[in-house]
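Please open the model in your viewer and keep the sequence panel beside it. The tour below moves from one selection to the next and says what is to be found at each stop.

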Amino acid sequence: MNLDSFRCSLCGRIVKIKDRSDAPILDPNMGFGVCKNCIKELYGYIMEDEHAKNHSHKHSFADTLGDLLEKNKPHVIKAYLDEFIIKQERAKKILSVAVYNHYKRMKYGIDHAGTDDEIDKSNVIILGPTGCGKTALLSHLSKLLDIPFAVTDASSLTEAGFVGADVEVAVRNLYYAAGQNIEKTEHGIIYLDEFDKIARKSGENNSITADPGHEGVQQGLLKMLEGSVVEFTARGQRKHPEAPTIKVDTRNILFIVGGAFVGIDKIVAKRVRKGESSLGFGAEIPPKEDSDAKFNELIHQVRPEDLMKYGIIPEIIGRLPVICTLETLDEHSLLRILTEPKNAPVKQYQKLLEMDNVQLEFEEAALLAVAKKAIERKTGARSLKGIIEDKMLDVMFDIPKSDKPRKVIVTEACINEGVEPKIIYLDEENQDNAEVAD
């Protein structure tokens, strides 16, 4: 019996048959067929399971937990974050303690296995303006602890019945970040970014364009945050009753949700002012304050009731007991970010040009101009590298044409007026004798 195509009994795809290799398992008489993609997936699961069985006694996460805790106490975690993150002292302390306690909770659970004695999980909600370092903090944290870390855009998640991604996608992303190792996945960190975008539209500060399924997304996240077995299909596969699924227990996954929460400072200000007289002859007129300073003062006063007014349902807030707040970065902070951290943008470009036998130098005024541009764009540290990249494009294009030792000096005029950086050719025998390039 000749067939041009068949429907895979596992994933449901219709597969065209060009030769026998397109249908590794096919029985037309029984109406059963499995495509080669599903065969590869099944083989991968079998090999992973065999590998886990053979190495579980050597590489169990539980065996390394005590060592992880001993090496990564809160003050050690914060000291490491200080090398990469400027300011945000309070946020670094909160996250250091939260992560340390999370893994202590795991160890307590292992040491008291089989008893009803357990410590509740403390997931984190992190609030701060765009470009203040939320994702960077968590990324460096995961590198220090050497645990899987995955970022999922919460605004892409929708309630069942709406077009979009299911909440299980967050766990699936962590699974692939962990190299498809289920044990590593079950002890990783998931960061749900843009969490403020799924606030229900009945909240005080929400847009009328909010997706009607957003409150349902929050409901869908409840069990996952608390700890449950999440079942999902492999990446690229549709949900299908007979499709192979992967099961991950989220009980020991640390969930951190975050976003800019634009306007929450106004909700806090309203609560703080409540009861104070603002009208009449006896009212005290408050002095005009710097907007960033006022925001930084208010953001640290966020309470669960403010998040509820914003549109986060109470059940979710109950599962996010740790509130971590980040401040707006001022000009001085952005200037420090450009040069001080280990991975500072200026240091990165200097290393790149060193590979072409070139010294890169930024004048102080040029760095200040970059910081000012970032503040004008209201994107925080996120846009710093982009601003430099834009001004360095032509130089980086032309530099590899010659291998002579040179120095590139970026001035304030380069940033503000688009003037080309100065290129100085250095005398290889005596670098003090330099001739300015034409």
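Start by selecting glycine 179, which follows helix H6 and has a positive phi, near 70°; helices here are DSSP runs of H or I with at least four residues, strands are runs of E with at least two, and both are numbered from the N terminus. This is a predicted model, in which local features need pLDDT of at least 70 and side-chain atom pairs count only at pLDDT 80 or more, while totals for chains, interfaces and linings use all residues. Residues are numbered from 1 along each chain as its sequence is written, and side-chain values use heavy atoms, with hydrogens and water left out.

Step back along the chain and select H6 itself, residues 169-177. Seven of its nine residues are buried, so H6 is largely enclosed by the rest of the structure; buried means under 20% relative accessible area, exposed over 50%, and partly exposed in between, with a 1.4 Å probe and protein chains only. The buried residues to highlight are Val169, Ala170, Val171, Arg172, Leu174, Tyr175 and Tyr176.

Now zoom out to the whole chain, which has 17 helices and 15 strands. Of its 438 residues, 43% count as buried. Among contacts (heavy atoms within 4.5 Å) between residues at least 6 apart in sequence, 70% join residues at least 24 apart.

Next, select helix H8, residues 214-226, and within this helix pick out glycine 220. Glycine 220 counts as partly exposed, at 35% relative accessibility. Add aspartate 166 to the selection: the two residues are 54 apart in sequence, yet their C-alpha atoms are 8.7 Å apart in space.

The next two stops are helix pairs. Two packed helices are described by the angle between their axes and the distance between the axes. Here the axes are lines fitted to C-alpha atoms, for helices over the stretch in contact, and the angles run from 0 to 180 degrees between N-to-C directions.

Select H3 (residues 74-82) together with H4 (residues 89-111), whose axes come within 9 Å and cross at roughly 135°. H3 and H4 are therefore oblique to each other, given that angles under 35 degrees count as roughly parallel, over 145 as roughly antiparallel, 65 to 115 as roughly perpendicular and the rest as oblique. To see where they meet, show Pro74, Ile77, Lys78, Leu81 and Asp82 in H3 against Glu89, Lys92, Lys93, Ser96, Val97 and Tyr100 in H4. These contact residues divide into five nonpolar, one polar and five charged, where Ala, Val, Leu, Ile, Met, Phe, Trp, Tyr, Cys and Pro count as nonpolar, Asp, Glu, Lys and Arg as charged, and the others, Gly among them, as polar.

Move on to H13 (residues 331-339) and H15 (residues 364-377), which pack at an angle of about 120° with their axes 9 Å apart. That angle makes H13 oblique to H15. The side of H13 to display includes Leu334, Leu335 and Leu338, and the H15 residues in the contact include Leu367, Leu368 and Ile375. Here the division is nine nonpolar, one polar and three charged.

Finish with the cysteines. How many disulfides does the count come to? With a disulfide taken as a pair of cysteine sulfur atoms within 2.5 Å, the count comes to zero. Cysteine 8 is in no disulfide, and the nearest cysteine sulfur, that of cysteine 11, is 3.7 Å away. Cysteine 8 is buried, at a relative accessible area of 2%. Cysteine 324 is likewise in no disulfide, with the nearest cysteine sulfur, that of cysteine 132, 9.1 Å away; cysteine 324 counts as buried, at 0% relative accessibility.
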